[in-house]
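Work through the following exercises with the sequence and the model side by side, and try each task before reading its solution.

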Amino acid sequence: MSTPFLVGLVGARGHTGRELIRLIAGHPELMLAYAVSREFAGRPVSDIAPEDKDECVFEALGPEEAAKRRADVVILALPDGAASDYVAAIEQYAPDRIIVDLSADYRFSDDWAYGLPELHRKSIIGKTRIANPGCYATAMQLAIAPLLPKLSGVPSVFGVSGYSGAGTKPSPKNDQERLKDNLMPYALTGHNHEREATRHLGTKVRFTPHVHPAFRGIVVTAHIPLAEKIDAAALAKLFEEKYRGEPLIALRNAPPELKDGTNRKGVLIGGFTMSEDGGHAVIVAAEDNLLKGAAVQAIQNVNLALGLEELKGIL
């Protein structure tokens with residue numbers, strides 16, 4: 001067996017960190033080098049992720065300490081606004097090290113590759129700075145992208161997510177008692193993922209997110225105005241042609257439900273409905289916000305950066 005690539009994980013305590021540890025442990029060519037969590041410092045990683053066989057212990061490493069540690073790749077699974085100190089330290093002490101950042105901090109930077117492989121694969125391969133897309137942004141872009149050449153107006157997307165998307169820091173969006181028997185709208189305009197999808201699709205998108213009492217899973221319903229009339233069969237064919245050969249994208253005629261995204265490694269797209277006049281399409285996409293919406297996509301990007309098979313350790 002060849003020597004594994006070493007991965008440093010910063011922000012290992014969160015829901016996404018937990019999924020990343022599991023995926024790294026199951027990857028034949030990756031090994032967890034260190035796991036940073038101030039709250040869990042001193043505890044074996046296997047306490048929360050029994051899949052870890054590398055006998056790592058959570059550590060409270062600051063940016064400089066983490067940057068000086070040996071690693072081929074550093075995955076930053078931190079809240080928005082918290083990545084820059086680690087990035088600056090790596091730039092100073094290990095500028096050639098690969099960084100995959102899961103926050104929104106670098107998704108709008110021209111200096112970072114945007115890590116949605118199904119739409120931007122060529123620009124990710126071999127790169128050392130990769131911004132992992134947002135969970136909602138992933139689903140809505142994949143639901144809209146095949147129709148970009150036919151748009152006549154602004155797509156409007158209604159999204160629902162489980163509360164794990166709100167992270168572990170207590171807030172109304174992950175308060176299970178408040179969410180019980182409830183659906184909570186928030187960020188009615190200007191959500192980061194609306195801005196993100198607009199930037200990377202190259203066209204304006206409107207998006208309204210909601211939180212549901214399920215722990216995980218995402219479903220988005222995209223209403224897409226078209227410049228030319230087509231029928232449902234032609235609509236489905238556009239998606240088949242766009243995503244042929246993409247193992248993490250599955251298509252079906254029926255609209256997927258929230259539960260269809262839960263624990264799914266990729267995205268399920270369906271619905272494929274046209275308005276009666278043939279000028280308005282409705283597409284539904286479901287995914288797991290912690291997997292294709294975060295951890296699975298990060299491992300895709302790690303593989304592409306390292307020159308490995310893209311889906312190694314995933315399928």
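**Exercise 1: an enclosed strand**

Strand 11 (residues 218-225) is largely enclosed by the rest of the structure, because six of its eight residues are buried; buried means under 20% relative accessible area with a 1.4 Å probe, counting protein chains only. The model is a predicted one, in which local features need pLDDT of at least 70 and side-chain atom pairs count only at pLDDT 80 or more, while totals for chains, interfaces and linings use all residues. Residues are numbered from 1 along each chain as its sequence is written, and side-chain values use heavy atoms, with hydrogens and water left out.

Task: find which strands pair with strand 11, and in what sense.

Solution. Begin with the terms: strands are DSSP runs of E of at least two residues, helices are runs of H or I of at least four, and both are numbered from the N terminus; two strands pair if DSSP finds at least two bridges between them. Next, take strand 8 (residues 156-162), which pairs with strand 11 in the antiparallel sense over six bridges, with Ser 161 opposite Ile 218. Then turn to strand 14 (residues 280-287), which runs antiparallel to strand 11 and is joined to it by eight bridges; here Thr 221 stands opposite Val 284.

**Exercise 2: an open sheet**

Task: give the strand order of the open sheet of seven strands, and say which strands stand at its edges.

Solution. The order of this open sheet is 3-2-1-4-5-7-6, and the pairing is parallel. Strand 3 and strand 6 (113-114) stand at the edges, and since each has a single partner strand, one side of each is left without a neighbour in the sheet. For strand 3, the parallel partner is strand 2, joined to it by two bridges, and Ala 35 has Phe 58 as its bridge partner.

**Exercise 3: the cover of a helix**

Task: identify the buried residues of helix 1 (residues 15-25) and what covers them.

Solution. The buried residues are Thr 16, Gly 17, Glu 19, Leu 20, Ile 21, Leu 23 and Ile 24. Their cover, judged by contact (heavy atoms within 4.5 Å), includes strand 1 (5-10), strand 2 (30-36), strand 3 (58-59), strand 4 (73-76) and helix 10 (291-306).

**Exercise 4: the whole chain**

Task: compare the radius of gyration of the chain with that of a compact globule.

Solution. The radius is taken over C-alpha atoms, and the globule rule is 2.2 Å times the number of residues to the power 0.38. For 315 residues, the rule gives a value near 20 Å, and the 19 Å of the chain agrees with this. As a further step, note that buried residues make up 55% of the 315 residues.

How values were computed: Buried means under 20% relative accessible area, exposed over 50%, partly exposed in between (1.4 Å probe, protein chains only).
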